[in-house]
Each structure stands twice: as structure tokens, then as C-alpha cells.
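Okay everyone, thanks for coming. I'd like to walk you through a structure that's probably new to most of you, so let's get it up on the screen.

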Amino acid sequence: VEVKGVSGSGCRFIITSNELNCARSDRRFVLALVRHAESDARIVELFPRDAFLAKFNFDAIQYWATFTG
């Protein structure tokens, strides 16, 4: 289970490449998304692996740059 929290009702959060690789390779993966995470009115939604991969888009936001010579 990977837990991600967002402050409002939106569904945008950072997920690492390792977390995404886990979702893609482990059929038991579940995302627990906590909306309104900073309030007393938290809402938790569970996204099993297939739903997570189908309902979210993944955009690269950073890369490792390694000097090669």
C-alpha cells in the first residue's frame, strides 16, 4: 500500500519512479489517496493497481543528469 496525501480535493501528487515501478510490477499494489489531508474532514480513496494505472497519467518532472566525460 502506497499512501499519498493532498491538501484539497484534487488528485495531483508526486510519486517516485520506484513507487511507479512497484505499481507496474506488483499485482498487490494499492494506492491510498487521502484528500483534504490537513483537515478533520479527510477522505480516503483506495485505488487497486489496475485502477491506479488506468485512471492516472504519469508525467516525468525530473531526471538524473550524470556527467559521462
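I'll go from the strands to the helix, then to the core, and finish with a few single residues.

One thing up front: this is a predicted model.

Let's begin with the strands. Please find S1, which covers residues 2–5. Now look for S2, at residues 30–35. How do S1 and S2 pair, parallel or antiparallel? They're parallel, with 4 bridges between them. If you want to see the register, Val3 sits opposite Ala32 in S2, and Gly5 sits opposite Val34 in S2.

S2 also has a partner in strand S3, residues 43–48. That pairing is antiparallel, and it has 6 bridges. A handy marker here is Leu31, which stands opposite Phe47 in S3.

So how much of S2 is covered? Mostly it is: 5 of its 6 residues are buried. S1, for its part, has two faces. Glu2 and Lys4 are on the covered one, while Val3 and Gly5 are on the uncovered one.

Okay, on to the helix. H1 spans residues 17–25. Together, S1, H1 and S2 form a β-α-β unit, and that unit is right-handed.

Which residues of H1 are buried? They are Glu19, Leu20 and Ala23. These three span an arc of only 100 degrees around the axis, so they end up on the same side of H1. Turn to the face pointing away from that buried side, and you'll find the exposed residues Ser17, Asn18 and Ser25. And what do the buried residues of H1 pack against? They pack against S1 and against another helix, H2, at 49–55.

Now for the core. As a bit of background, nonpolar side chains tend to be buried together in soluble globular proteins. In this model, the largest nonpolar core has 11 residues. Among them are Val6, Phe13, Ile15, Leu20, Leu31 and Phe52. H1 and S2 each put at least two residues into this core.

Let me pick out a few core members. Phe13 is in the loop between S1 and H1. Setting aside neighbours within four places in sequence, Phe13 is in contact with Lys4, Val6, Leu31, Leu33, Phe52 and Phe56. Phe29 belongs to the core as well, yet Phe13 and Phe29 are 17 Å apart, C-alpha to C-alpha, with their positions 16 residues apart in sequence. Then there's Ile15, which touches Lys4, Leu20, Phe52 and Phe58, again not counting residues up to four places away.

Val6 is in the loop between S1 and H1 too. Is Val6 buried or exposed? Its relative accessible area is 8%, and the cut-off for buried is under 20%, so Val6 is buried. Beyond four places in sequence, the contacts of Val6 include Arg12, Phe13, Leu33 and His36. For a sense of distance, Val6 and Asn18 are 12 residues apart in sequence and 20 Å apart in space, C-alpha to C-alpha.

Last stop: two residues with polar contacts. Lys4, back in S1, has a relative accessible area of 13%, so Lys4 counts as buried. Which side chain does the Lys4 side chain make a polar contact with? That's Glu19, at 3.0 Å. Glu19, remember, is one of the buried residues of H1. Leaving out neighbours within four places, Lys4 is also in contact with residues including Phe13, Ile15, Leu31 and Leu33.

The other one is Arg35, in S2. Arg35 is buried, with a relative accessible area of 17%. The side chains of Arg35 and Glu45 are joined by a polar contact of 2.4 Å. With neighbours within four places left out, Arg35 is in contact with Val6, Gly8, Ser9, Gly10 and Cys11, among others. Ala41, Arg42 and Ile43 are on that list as well.

To recap, then: S2 pairs in parallel with S1 and antiparallel with S3, and H1 packs its buried residues against S1 and H2. That's it from me, thanks for listening.

Conventions. Residues numbered from 1 in each chain as written. Predicted model: local features only at pLDDT ≥ 70, side-chain atom pairs only at ≥ 80, totals over all residues. Heavy atoms only, no water. Buried < 20%, exposed > 50% of the residue type's maximum accessible area, 1.4 Å probe, protein only. Polar contact = N/O pair within 3.5 Å; in protein donor to acceptor, adjacent residues only side chain to side chain. Contact = heavy atoms within 4.5 Å. Pairing = 2+ DSSP bridges. Right-handed = clockwise from strand over helix to strand, strands pointing away. Arc of directions from axis to C-beta. Core = buried A, V, L, I, M, F, W, Y, C linked by side-chain atoms within 4.5 Å.
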